[in-house]
Amino acid sequence: MSQEKRKIIPKKHPMPHQEAKVRSTNFEEVALGYSEETAILEANRCIQCKNTPCIDGCPVGIDIPAFIKMIAEKDFTGAIGKIKEKNNLPAICGRVCPQENQCEKLCTLGKKNEPVAIGRLERYVADWELAKGTESVKIPETNGKKVAIVGSGPSGLTAAANLAGLGYKVSVLEALHVAGGVLVYGIPEFRLPKAIVQKEIDNIAALGVEIKTNYVVGKLSSVDELMQEGYDAVYIGTGAGLPSFMNIPGENLNGVYSANEFLTRNNLMKAYRFPEYQTPIRVGKRVAVIGGGNVAMDAARTALRLGAESYIIYRRSFEEMPARLEEMEHAKEEGVNFELLTSPIEIKGNEEGRVVSIVCQRYELGEPDESGRRRPVPIKGSEYEIPIDTVVMSIGQGPNPLVQQTTPDLETNKWGNIVADECGRTSKPGVFAGGDIVTGAATVILAMGAGKKAAEAIHEYLQG
Ligand code: FAD
Ligand code: SF4
């Protein structure tokens, strides 16, 4: 059908969800996924633009119009094959990519109507394949060279899959006891089920990639030692997992967590299934999460599901919050309270050293700062106290430092991130880096894009 004759359906087909009241009491996935019928209807909204702007918005360059056309034609095998030419983690990306700032932002339909729901369609075919079982893949013939990947987050996994596809013998060395990085320890089950992450990691392992967990590079072996042990190149994808604190009185009290620890206890150590799993989280009656990003939303929604009243404390207004709009709306619907234009100045404790309250100061918005957002200005004499049992600090994460500390000739910037060019090349020959450890905390797909580019650069380096 020609573009002129096609009747445009202005809105995306809605994503079915668990009811807010029900989902706020469980850890099951919130978004339930399209049915086959809805996926085909949504795929038919795509007008198959000749200039394909959406592809430019995808950091790994998926041929979006091609896979959408295959869905419209009910060729799901073809569609998932097309996606996997460029992306080894489609069920994950279909769920957590901020598509509104990437492919969907550039979709032609989005100029006058809502863009095609590219992410939901990616998720649909990826889930379709996982449900039916993935076909066994042919492991490429080895070219005799070995590459070590430090860190098993989306960046490391993507570099590993791409290098394995080129015939390298790849070992992924992961500090934690489970592979996946933030995908397993940070993003909660209700947004990204861990069984899905594991299946996608299994698919990468099936390419012949060896995954060694409980392997802390910088403790067991340094980068230099890995190279002496026979690795021809090393890719560092160690992420940004170092929590930041506000340096206010009371942050050392029992009941104050970094978002990182709070989410890791819950997601990786499965505190929400205590006592079946042995790591509990004592949240008490009220939890205050400090911050306004996606990590803060995940922590606040987790606290709610653990049975607490949950508060987001943020020093600007709703409009300035950096979290995805969808996540903020989900949090609101579920009953998270937003204490806006306010910031903590002290956490108070009892004689046993446990948190009992948080003292906050109100703010108003002044002139825009260098980020373009209006600067929050404290209002004198506006201090007030909220009784609270648990505080979760979610004001940003810095780079994991161990590899930089144990690799002296690796250049870093003033924040401690590894300096690398756009292909991941660092100051040290044979050592490449990408993802959050280079850019600072960013997104899954940007980390994957960096892993993919670095795999190409490693191939070029090793093939001389
Ligand atoms: P990571 O995922 O951080 O993985 C790094 C891995 O390296 C970790 O497994 C770590 O244990 C390991 N490691 C570190 N040091 C060593 C060492 N010395 N030796 C061996 N291994 C080591 N992005 C989105 O696009 N959408 C979202 O919805 C989203 N939600 C998020 C929610 C939370 C709570 C958080 C924290 C982040 C979220 N992000 C989201 C950001 C996204 O997850 C990250 O940008 C992405 O995971 C970065 O990937 P990476 O591979 O660079 O690092
Ligand atoms: Fe389809 Fe939108 Fe891409 Fe055009 S820009 S091909 S309408 S998904």
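Is Ser 221 buried or exposed? In this predicted model, Ser 221 counts as buried, because its relative accessibility is 4% and the cut-off for buried is under 20%. The residue belongs to the loop that runs between strand 3 (210–212) and helix 12 (223–228). Its side chain has a partner, too: a polar contact of 2.7 Å links the side chain of Ser 221 to that of Tyr 215.

Now to the ligands, starting with ligand 1. A total of 35 residues surround ligand 1, and the ones that come nearest are Val 96, Glu 174, Arg 191, Val 217 and Asp 436. Sorted by character, the shell around ligand 1 holds 18 nonpolar, 13 polar and 4 charged residues. Three helices each put at least two residues into this shell, namely helix 9 (154–165), helix 14 (294–305) and helix 18 (444–462).

Some of the contacts with ligand 1 can be pinned down to atoms. Arg 191, already listed among the nearest residues, has a side-chain N or O atom 2.8 Å from an oxygen atom of ligand 1. Val 182 takes part through its backbone instead, with an N or O atom 3.0 Å from a ligand 1 oxygen. Thr 443 likewise offers a polar backbone atom, which lies 3.3 Å from an oxygen atom of ligand 1. As for coverage, ligand 1 has 1000 Å² of accessible area on its own, and the protein covers 94% of that.

Ligand 2 is found in the second largest cavity. Its surroundings are made up of Cys 46, Ile 47, Cys 49, Pro 53, Cys 54, Pro 65, Cys 107, Thr 108, Val 116 and Ile 118. What is the character of the shell around ligand 2? It divides into 9 nonpolar residues and 1 polar residue, with no charged residue in the shell.

A few spots in the backbone also deserve a look. Most residues other than glycine have a negative phi, and most peptide bonds are trans. Gln 48 has a positive phi, near 55°, although it is not a glycine. The residue sits in the loop between helix 2 (36–43) and helix 3 (53–56). With a relative accessible area of 27%, Gln 48 falls in the partly exposed class, because that class runs between the 20% and 50% cut-offs.

Leu 341 is another non-glycine residue with a positive phi, here near 50°. Its place is the loop that connects strand 9 (337–340) and strand 10 (342–349). Leu 341 also counts as partly exposed, since its relative accessible area is 25%.

Then there is the peptide bond between Phe 274 and Pro 275, which is cis, with omega at about 10°. Pro 275 is located in the loop between helix 13 (259–267) and strand 7 (286–290).

Helix 13 itself contains Leu 263. How many residues apart in sequence are Leu 263 and Asp 298? They are 35 residues apart along the chain, and their C-alpha atoms are 8.0 Å apart in space. Leu 263 has a relative accessibility of 3%, so it counts as buried.

Notes: Residues are numbered from 1 along each chain as its sequence is written. Chains are lettered from A and ligands numbered from 1 in the order in which they are written. This is a predicted model: local features need pLDDT of at least 70, side-chain atom pairs count only at pLDDT 80 or more; totals for chains, interfaces and linings use all residues. Side-chain values use heavy atoms; hydrogens and water are left out. A residue is near a molecule or strand if one of its heavy atoms lies within 4 Å of it. On a 1 Å grid over the protein atoms alone, a cavity is a set of points where a 1.4 Å probe fits but cannot get out, and a pocket is an open set with protein on both sides within 12 Å along at least five of seven lines; lining residues have an atom within 4 Å of a point. A molecule sits in a cavity or pocket if more than half of its atoms lie within 2 Å of its grid points. Ala, Val, Leu, Ile, Met, Phe, Trp, Tyr, Cys and Pro count as nonpolar, Asp, Glu, Lys and Arg as charged, and the others, Gly among them, as polar. A polar contact is a pair of N or O atoms within 3.5 Å; within protein, one must be able to donate a hydrogen and the other to accept it, and residues adjacent in sequence count only if both atoms are side-chain atoms. Accessible areas come from the Shrake-Rupley method with a 1.4 Å probe; for residues, only the protein chains shown count as cover. Helices (H or I, at least four residues) and strands (E, at least two) are DSSP runs, numbered from the N terminus. Buried means under 20% relative accessible area, exposed over 50%, partly exposed in between (1.4 Å probe, protein chains only).
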